[in-house]
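Here is a relaxed walk through one protein model, written for someone meeting it for the first time. Keep the picture open while you read.

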Amino acid sequence: MRKKIVAGNWKMNKNLQEGIALAQEVNNRVKALAPQNVTVIVGTPFIHLSEVNKVADVITVSAQNCAAEASGAYTGEVSAAMVASTGCKYVILGHSERRSYYGETDEILVKKVGHALENNLEIIFCVGEVLAEREAEKHFDIVKSQLSKGLFQLSTEQFAHIVIAYEPVWAIGTGKTATSAQAEEMHKFIRKTIAEKYGETTADNTTILYGGSCNSKNADELFSQPNVDGGLIGGASLKADDFMTIITARENHQ
Ligand code: PGA
């Protein structure tokens, strides 16, 4: 059975104290809920990783990025080794905001993925089309290209450390969610694409998350789809009540 995951992506929100408080509250409430089948992850800014890790005993901590180089004269960058040294277990790579605002190309992502795996980090790898690409019916081609150019250099063994997040860019932070049918259709396509490269077993074992205005109201419907294994949650992960509702929705859909 593949892992079911609800992951928060705090983006550039919460100062250190606010972040620790949020993580503490989520951790305590997840402990009380004691979900049997959901891994809960919080994706924090770099500055929070170490402190949040100390209060996270039932939740897992993720970074939102890491450097494309291993170490050295790269002012302002944070390496995969540094991320791992905080006790953090996951890293989000290829988020559409990184791709579009910071020029992260497939080639850069290949390097980041390599460094993350060398440092034993699990990767939440984001893919997704922009609105014009969907309207031109190119969304399947775009996602296939992001998967193959960013990830298909990996061995089967390495690919076991990848979680995919399908995030249609037109749905991120817009309040406009993909319908559950649109999400399921793309998730099925992603699983088929993985099967063609790595075989059915690997494809069946790969967790595929949906992201893009997933919230406390629509999570239940999205998670009812057989290929939607959970969510990557931006805005709604900043409020413990909303995030807990989403976690509970995932837990109830086993
Ligand atoms: P959103 O962000 O839930 O605020 O749309 C999702 C994401 O970008 O990961």
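In strand 3, V61 is the bridge partner of V42. This is a predicted model, by the way, so treat each value here as computed from it. Strand 3 covers residues 60-63, and three bridges tie it to strand 2, with the two strands running parallel. To get from strand 2 to strand 3, the chain passes through helix 2 (residues 49-55), and this β-α-β crossover is right-handed.

Now look to the other neighbour. Strand 1 (residues 4-9) also runs parallel to strand 2, and six bridges join the pair. One spot to find on screen is N9, which stands opposite G43 in strand 2. Between these two strands the chain goes through helix 1 (residues 16-33), again in a right-handed β-α-β crossover.

So how covered is strand 2 itself? Strand 2 takes in residues 38-43, and six of its six residues are buried. In a regular strand, side chains alternate between the two faces of the sheet. Here both faces are covered: V38, V40 and V42 sit on one side, T39, I41 and G43 on the other, and all of them are buried.

Step off the end of strand 1 and you come to a loop with two lysines worth a look. K11 lies in the loop between strand 1 and helix 1, and K14 has its place in that loop too. K11 has a positive phi of about 55° although it is not a glycine. K14, not a glycine either, has a positive phi of about 80°. As for exposure, K11 counts as partly exposed at 21% relative accessibility; the cut-off for buried is under 20%. K14 is partly exposed as well, with a relative accessible area of 31%.

K11 turns up again in the largest pocket. That pocket holds about 410 Å³ of space. Its lining has 14 residues, and those nearest the centre are K11, M12, Q64, R98 and Y102. Which element gives the largest share of this lining? That is helix 4, with three residues. By type, the lining splits into six nonpolar, five polar and three charged residues.

Apart from the pocket, the structure has one cavity of 30 Å³ or more. The largest cavity holds about 30 Å³ of space. Around it you will find G94, H95, S96, R99, C126, V127, G128, Q146 and E167. Helix 4 (96-101) and strand 5 (122-127) are the elements that give two or more residues to this lining. Helix 4, then, contributes to the lining of the pocket as well as to that of the cavity. The cavity lining divides into two nonpolar, five polar and two charged residues.

C126, one of the cavity-lining residues, brings us to the cysteines. A disulfide is a covalent bond between the sulfur atoms of two cysteines. How many of them does a search of the whole structure find? Zero. C66 is in no disulfide, and the nearest cysteine sulfur, that of C88, is 9.8 Å away. Why is C126 unbonded to its closest cysteine sulfur? Because that sulfur, in C66, is 13 Å from the sulfur of C126, too far for a bond. C66 is buried, with a relative accessible area of 1%, and C126 is buried with a relative accessible area of 1%.

Two residues further along the chain finish the tour. A181 lies in helix 9 (residues 180-198), and A181 is exposed, since its relative accessible area is 54% and the cut-off for exposed is over 50%. K149 sits in helix 7 (residues 139-151) and counts as partly exposed, at 49% relative accessibility.

Each of these two can be paired with a residue elsewhere in the sequence, as this table shows.

| Pair | Apart in sequence | Apart in space, C-alpha to C-alpha |
|---|---|---|
| A181 and L222 | 41 residues | 8.4 Å |
| K149 and A21 | 128 residues | 39 Å |

If you want a place to start exploring, try strand 2, with strand 1 joined to it by six bridges and strand 3 by three. From there, follow the chain back to K11 in the loop between strand 1 and helix 1, one of the residues nearest the centre of the largest pocket.

Methods: Residues are numbered from 1 along each chain as its sequence is written. This is a predicted model: local features need pLDDT of at least 70, side-chain atom pairs count only at pLDDT 80 or more; totals for chains, interfaces and linings use all residues. Side-chain values use heavy atoms; hydrogens and water are left out. Buried means under 20% relative accessible area, exposed over 50%, partly exposed in between (1.4 Å probe, protein chains only). Helices (H or I, at least four residues) and strands (E, at least two) are DSSP runs, numbered from the N terminus. Two strands pair if DSSP finds at least two bridges between them. A crossover is right-handed if, with the strands pointing away from the viewer, the path from the first strand over the helix to the second runs clockwise. On a 1 Å grid over the protein atoms alone, a cavity is a set of points where a 1.4 Å probe fits but cannot get out, and a pocket is an open set with protein on both sides within 12 Å along at least five of seven lines; lining residues have an atom within 4 Å of a point. Grid points are joined across faces, edges and corners, and a volume is the space filled by probe spheres set on the points. Ala, Val, Leu, Ile, Met, Phe, Trp, Tyr, Cys and Pro count as nonpolar, Asp, Glu, Lys and Arg as charged, and the others, Gly among them, as polar. A disulfide is a pair of cysteine sulfur atoms within 2.5 Å.
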